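Q: Please take a close look at one loop in this structure. Then explain, in terms suited to a first-year student, how the chains and their inner spaces are described.

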Amino acid sequence: MIIQSIAFYIFAGIIIASAIMVISAKNPVHSVLFLILAFFNGAGLFVLVGAEFLAMIMVIVYVGAVAVLFMFVVMMLDINFVELRQGFLQYLPIGLLIGLILLVELILILSSQFEDPQILAVSSLPIPPIEEVENTKALGNVLYTKYIYLFQSGGLILLTAMIGAIVLTLRSRPGIKKQVIAKQVSRKREDSVEIKKVTPGAGV
Amino acid sequence: MLYISIVFLPGLAALTAGVFSRILGHGFVMFITSLSVSISSILSFYVFLKLIFSHKIINENITILEWINSGDLSFSWSIMVDTLTIVMFVVVTSVSALVHWYSFGYMKKDPHKARFFTYLSLFTFAMLMLVSSDNFVQLFFGWEGVGLCSYLLIGFWFKKPSANAAAIKAFIVNRVGDFGFALGIMAIFLFFNSVTYENVFNQAVNFEGKKFLFLSMNLDILTVITMLLFIGAMGKSAQFLLHTWLPDAMEGPTPVSALIHAATMVTAGVFMVVRCSPLFEYAPFTLNFITLTGAITAFFAASVAIVQNDIKRVIAYSTCSQLGYMFIAVGLSAYSAAIFHLFTHAFFKALLFLASGSVIHAVSDEQDMRKMGGLYTLLPITYLMVWIGSLALAGIPIFSGFFSKDLIIEIAYAGSSSISNFAFWMALFAAFLTAFYSWRLIFMTFHGKTRIEKSVMSHVHEAPFSMSIPMILLAMGAIFSGILCVGVMTGHHNSEFWGNSLFVLAGRDLIEAAHDLHFSLKILPVIISILGILLAWYFYIYKINIPKIIANANQPLYLFLLNKWYFDEMYNYLIVNPSRWLGYFLWKKGDETVIDGIGPDGFSAMINGISKKIALLQSGLLYHYAFVMLAGVVLFVSWFLLV
Amino acid sequence: MQYNDVPNFLPALPEIFMSVICMVLLIFGVFKGNKSTYLISWLVILSLFLTSLFCILGPKDEIIFSNIFIVDDFSIFSKVLIIIGAIAALAMSLSYIRNEGMEKFEYPILIMLSTLGMMMMVSANDLISLYVGLELQSLALYVLAAFKRDTLKSSEAGLKYFVLGALSSGMLLYGASLIYGFSGTTNFETIQAMFDSNNEPSLGIIVGIVFIISAMAFKVSAVPFHMWTPDVYEGSTTSVTAFLSMAPKVAAMALFIRLVYVPFYGLVPEWQQVVILISAASMVIGSLAAIRQTNIKRLMAYSSIGHMGFALLGLSAGTQQGVESVLIYMFIYLFMNIGVFVVILSMRVNGVMVENINDLSGLGKNNPFLAIIFGILMFSLAGIPPLAGFFGKFYVFLAAVDSGLYILCVIGVISSVIGAFYYLRIVKIMYFDDPVDIFEKPNSASMISLLSISGIFTIFFIVAPTPLISWAHHAASSIIQ
């Protein structure tokens with residue numbers, strides 16, 4: 001137990017620290033790197049509670065795909081972040097004040113009581129013990145049955161996001177050369193090559 | 001269906017005429033309104049004759065539609081038909097129909113004929129609504145409806161400032177009465193929990209002598225209610241103190257004066273009190289007050305009439321005086337006599353008005369009798385009409401007024417109280433004055449040397465048929481309505497005729513006593529009237545300079561009468577000027593300085609300032625917006641943590 | 001644990017039907033290209049109409065998908081209203097998007113997806129399904145707001161909306177996780193059952209509610225979460241603004257109602273305080289800030305902030321009557337907005353859209369039909385009897401007064417008076433100012449008929465208010481046990 005606790009605090013501490021760094025680092029590339037660090041530690045927390053599937057997904061999707069994509073975007077865009085941060089110090093005091101108040105209030109909440117534990121036991125679905133059903137299988141069991149509605153709705157959200165991305169970015173530029181495989185394949189020799197008899201010494 | 005058509009034909013005609021007058025044209029509008037009122041009048045007569053000859057009491061209540069149904073307050077649009085209603089139907093529709101036809105000639109040259117006829121029909125409808133109501137609210141609706149039409153018609157010639165002023169005066173003075181009336185209706189609802197006649201009248205006996213506490217005064221419930229109602233009647237029927245609007249209302253076209261200010265609307269007060277007889281019977285104080293008011297009015301108006309020079313004003317004061325007679329009868333519980341007088345009066349007074357209208361028409365809209373005279377050869381029919389009307393008014397035998405007016409005087413004599421005694425002497429004296437001013441009118445207008453200017457004289461012409469035929473028909477009524485109906489309406493078996501529509505407490509009925517009076521008393525009013533006629537002849541034919549001598553000798557009295565007892569001046573001094581001053585003060589100081597300064601102007605300036613500040617908040621910067629959101633959340637969370 | 005039985009899909013038929021149609025039309029559009037926008041729009045309208053029929057005729061009072069999807073009278077009422085808003089917004093924008101050169105087949109499909117999200121929102125019976133629906137509708141709306149991607153304003157509007165929307169989603173999730181953490185469940189009915197007995201709720205729950213209410217307030221654009229509204233309304237293309245001001249408002253308000261009246265019904269005194277503050281601030285800011293606006297779309301943004309304040313006034317009553325009044329209010333508000341936006345979409349001079357209030361001057365002479373209906377709608381929005389808008393306000397005030405919220409009502413009446421100023425100013429500009437430019441006539445029959453429907457509803461609502469009231473009554477009684 002003690003090891004688990006120590007691990008939890010290490011992971012949690014690193015998450016908070018790297019999250020602060022994400023927003024305070026001057027170099028945007030550093031920000032993204034700290035974000036990746038936060039993701040990794042998040043995955044560690046998942047492992048701690050026995051959700052190894054989620055931990056893997058976290059690493060693969062967030063670190064492997066999302067963060068790397070961020071990195072590309074950050075590196076390819078030429079944005080002067082220093083300029084964007086102008087006024088940061090100007091608003092810092094009041095922003096900090098509000099943030100601190102919120103923090104204190106949220107800490108205060110921790111002291112409050114949980115609702116009746118009995119209802120808690122009834123209402124939440126018992127998680128099958130990891131020895132009986134492994135994590136991936138447990139998820140698979142409910143994903144297409146109990147949570148089919150949410151799963152499909154999630155699909156719709158992704159579809160919408162995709163449509164949105166296409167609508168807002170796809171442009172049909174005239175005059176651009178595109179590779180059309182069918183056209184390439186169906187080309188005949190006669191279309192592109194013309195054989196001319198050249199009489200030697202006569203020139204073309 | 002019959003009754004519905006009687007009531008709604010004029011209403012429909014007014015609606016059609018009002019909405020489509022531009023499309024349909026003047027002629028059609030005039031025709032359609034007159035025709036529908038005439039049909040309604042013929043139907044009324046049919047019902048009336050059926051009532052007389054069948055000896056069956058009609059008592060029907062037709063609900064048109066539910067109006068308000070809210071808790072205890074529940075009543076309908078309905079037509080309640082009983083004897084009283086039918087008598088009123090006859091009076092209203094027949095006079096209205098004749099006035100409609102008369103107006104064909106009278107209003108011939110007016111460019112707004114269509115509007116005039118629309119108002120007339122609308123008035124008829126409102127009046128029929130009033131008399132056929134089965135609850136106080138519909139009564140009030142009709143009451144205000146006729147008031148509105150009266151206002152519109154008095155001010156019909158809206159380009160004349162005096163007409164506008166008269167219209168406003170009539171409206172405002174009526175408002176005083178209506179305020180009392182409305183309070184009375186509210187009081188009825190307060191105590192009786194209902195506004196339908198049936199419920200209220202059935203409960204009335206339970207409230208006899210009951211008191212309630214108001215401003216630490218112990219007041220009798222029924223007395224308060226009936227007094228409030230009677231204040232309304234005083235306004236509408238131009239009784240003493242609230243009479244000032246009626247003479248001024250003569251600014252309206254003469255047919256209007258005949259219909260509204262002689263035959264129908266002004267009698268609505270009498271009708272209302274008679275309708276509410278089951279309430280008034282239990283309020284003896286109010287009845288005495290009514291008698292007193294009626295007696296004073298009868299005398300006062302007659303006294304003013306003898307010195308007025310405007311032909312229509314003389315008749316207007318005469319109307320006022322005759323209404324006083326009706327209230328005398330009402331106050332003495334002789335409701336049948338009051339309605340009978342209302343019935344006959346409608347005919348002869350409308351006749352007098354129409355005849356005077358004919359005179360005015362003939363002399364190019366001149367109303368001052370000092371500028372008339374010697375017209376009888378030129379206007380023979382009109383002259384005859386005025387004679388018939390005056391004879392009826394003065395109560396000369398055979399003519400209708402004799403039966404109705406003299407009956408009231410007899411009833412006043414038969415009454416035993418000091419109030420009725422007072423009323424008797426007042427009525428008797430007023431009868432003398434009535435005869436006097438009627439013949440003063442005849443002599444000044446038709447006899448003697450003409451005082452008309454030459455240019456006008458050449459245009460003088462007798463009324464066209466459209467005007468003379470309605471007058472002749474009214475003259476029939478003025479002559480025969482008394483002799484034909486006296487038996488039915490006030491005879492020994494009158495209760496069979498009236499059925500439940502009138503209510504007299506046992507022992508208060510004076511009609512029988514009046515019938516049994518000695519012959520000498522019965523003939524007394526006639527003699528008095530004849531004396532009045534003779535005196536008028538002596539003053540205005542025989543010795544023309546006598547009036548002037550008397551007037552000069554009694555200058556203060558003459559001026560007192562000429563200025564109508566200085567009522568207008570008194571009201572101006574006591575009410576109009578202070579309220580005008582108060583209004584001016586509130587306008588300049590109260591409204592413009594205080595309220596506008598602090599209120600609208602100051603407030604709008606403040607709002608504008610705040611609005612400017614709020615608009616500045618909208619900076620367009622994303623992090624400002626996000627910050628405001630977070631600040632909002634923090635605010636709410638803190639609210640819960642701290643409160 | 002095995003799930004062998006097939007779940008009951010029938011109550012979700014409208015949603016399933018819509019998502020299938022969405023995908024079919026998407027493929028159709030991809031193949032046919034942007035030329036097919038017009039056809040797809042009409043197909044979307046048709047299928048939305050069919051969906052509303054499914055909603056009305058389908059089964060009700062069912063909870064499916066393991067208690068996370070509910071169909072009751074309330075959700076049906078809201079869904080029908082949402083669909084009406086979506087159909088109207090789409091129908092009025094048909095000629096507009098063609099004229100503006102933004103004829104893309106994704107436009108109607110995004111509207112349909114957003115509508116689908118809204119319907120999922122109002123049927124949510126669980127914090128998770130609530131969030132999923134909310135995200136679906138928001139995501140589609142973000143894209144729509146930025147739809148005219150070549151103009152700076154539109155992109156800016158889309159971005160602002162997206163960032164702030166993400167912030168509000170974060171708040172919602174934070175609140176939801178607090179609720180879940182302290183109660184151990186995300187199901188509405190289970191949460192409700194916890195607060196039935198009069199035990200003191202824990203602070204964590206209350207803070208969670210505050211966060212969720214804040215997110216809801218963002219969606220209905222209530223003060224202080226309203227800041228995005230004027231910028232997004234102004235920046236988006238007008239047809240999108242029309243859509244934004246109708247269906248999403250109804251959906252968010254319906255979700256708001258369900259949230260506070262189902263899971264947190266036992267905590268009325270707690271959330272009531274927050275809603276009262278939000279309502280009062282919205283009414284005041286909405287009416288005050290609108291006075292100085294010159295852009296009609298910004299004006300309508302503040303107008304909608306103010307109107308949401310009035311709707312929240314009814315919501316804060318905490319009674320069934322309150323729910324009823326909010327539903328009636330939203331219904332009337334939606335119908336009035338249809339007409340208003342038809343007129344705004346007709347503000348086209350020489351082929352260019354104009355958005356200034358002063359451009360309306362002289363409309364009374366140039367286009368009497370448009371002007372009279374717009375004038376009536378302005379009177380109605382200001383809440384002048386006997387028009388429909390008056391009754392909307394009347395019922396919310398009635399509900400609030402019956403709950404004893406007198407001070408809030410006084411604030412409401414005062415802001416309503418201030419608000420009347422800028423509505424009437426438009427009428428004044430239309431009828432008493434000298435004409436500047438003549439608008440092109442609204443060239444589509446659909447716009448004219450929408451305008452007429454809106455006008456007729458506004459004028460004649462007084463004649464037969466009973467069907468709506470009794471419908472709202474059924475809907476309200478279905479969520480309050």
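A: **One loop, and the chains around it**

B:Asn193 is placed in the loop of chain B that runs between α6 (161–192) and α7 (197–204). The model is a predicted one, and every value below is computed from it. What marks this residue is its backbone: B:Asn193 has a positive phi, about 60°, although it is not a glycine.

A second loop of chain B takes part in a contact between charged side chains. In total, 21 salt bridges are counted over all chains. In one of them, the side chain of B:Arg275 meets that of B:Asp82, with 2.9 Å from N to O. B:Arg275 belongs to helix α11 (residues 268–275) of chain B, whereas B:Asp82 sits in the loop between β2 (73–81) and α3 (83–106) of chain B, so the pair ties together parts that are 193 residues apart in sequence.

We may now turn from chain B itself to the place where chain B meets chain C. Here 22 residues of chain B touch 34 residues of chain C. The size of an interface is often given as the accessible area lost when the parts come together. For chain B and chain C this buried area is about 2700 Å², and carbon and sulfur atoms give 81% of it. Three residues, B:Met629, B:Phe636 and B:Phe640, provide 27% of the area that chain B buries against chain C, which is more than any other three residues. Between chain B and chain C the rule finds zero salt bridges, and two residue pairs are in polar contact, with both residues at pLDDT 80 or more. On the side of chain B that touches chain C, α26 (567–617) and α27 (622–642) of chain B each supply at least two residues. The most comes from α27(B), with 13 residues. Sorted by class, this side of chain B holds 16 nonpolar, five polar and one charged residues.

Chain C also meets chain A. This contact involves 46 residues of chain C and 35 residues of chain A. The two chains bury about 3500 Å² between them, with 76% of that on carbon and sulfur atoms. Again the rule finds zero salt bridges, here across the interface of chain C and chain A. Four residue pairs, both members at pLDDT 80 or more, are in polar contact between chain C and chain A. The side of chain C that touches chain A receives two or more residues from each of α1 (13–32), α4 (106–122), α5 (127–145), α6 (152–183), α7 (188–194) and α8 (203–219) of chain C. Of these, α5(C) gives the most, with eight residues. By class, the side of chain C that faces chain A consists of 30 nonpolar, eleven polar and five charged residues.

The next topic is enclosed space. Rolling a probe the size of a water molecule over the atoms shows where empty space is left. By this rule there are eight cavities of 30 Å³ or more. The second largest cavity has a volume of about 70 Å³. Its lining is made of 14 residues, and C:Phe310, C:Ser415, C:Gly419, C:Tyr422 and C:Tyr423 lie nearest its centre. Two or more lining residues come from each of α11 (268–290), α12 (296–315) and α17 (406–432) of chain C. The most is given by α17(C), with six residues. The lining of the second largest cavity has six nonpolar, seven polar and one charged residues.

Finally, we return to loops, now in chain C, where two peptide bonds deserve attention. The bond from C:Val223 to C:Pro224 is cis, with omega near 0°. C:Pro224 is found in the loop between α8 and α9 (228–235) of chain C. A second cis peptide bond runs from C:Pro385 to C:Pro386, with omega near 5°. C:Pro386 belongs to the loop between α15 (368–382) and α16 (388–402) of chain C.

Technical notes: Residues are numbered from 1 along each chain as its sequence is written. Chains are lettered from A and ligands numbered from 1 in the order in which they are written. Side-chain values use heavy atoms; hydrogens and water are left out. Contact means heavy atoms within 4.5 Å. Buried area is the accessible area (1.4 Å probe) that two parts lose on being put together, summed over both. A salt bridge is a side-chain nitrogen of Lys or Arg within 4 Å of a carboxyl oxygen of Asp or Glu. A polar contact is a pair of N or O atoms within 3.5 Å; within protein, one must be able to donate a hydrogen and the other to accept it, and residues adjacent in sequence count only if both atoms are side-chain atoms. Helices (H or I, at least four residues) and strands (E, at least two) are DSSP runs, numbered from the N terminus. Ala, Val, Leu, Ile, Met, Phe, Trp, Tyr, Cys and Pro count as nonpolar, Asp, Glu, Lys and Arg as charged, and the others, Gly among them, as polar. On a 1 Å grid over the protein atoms alone, a cavity is a set of points where a 1.4 Å probe fits but cannot get out, and a pocket is an open set with protein on both sides within 12 Å along at least five of seven lines; lining residues have an atom within 4 Å of a point. Grid points are joined across faces, edges and corners, and a volume is the space filled by probe spheres set on the points.
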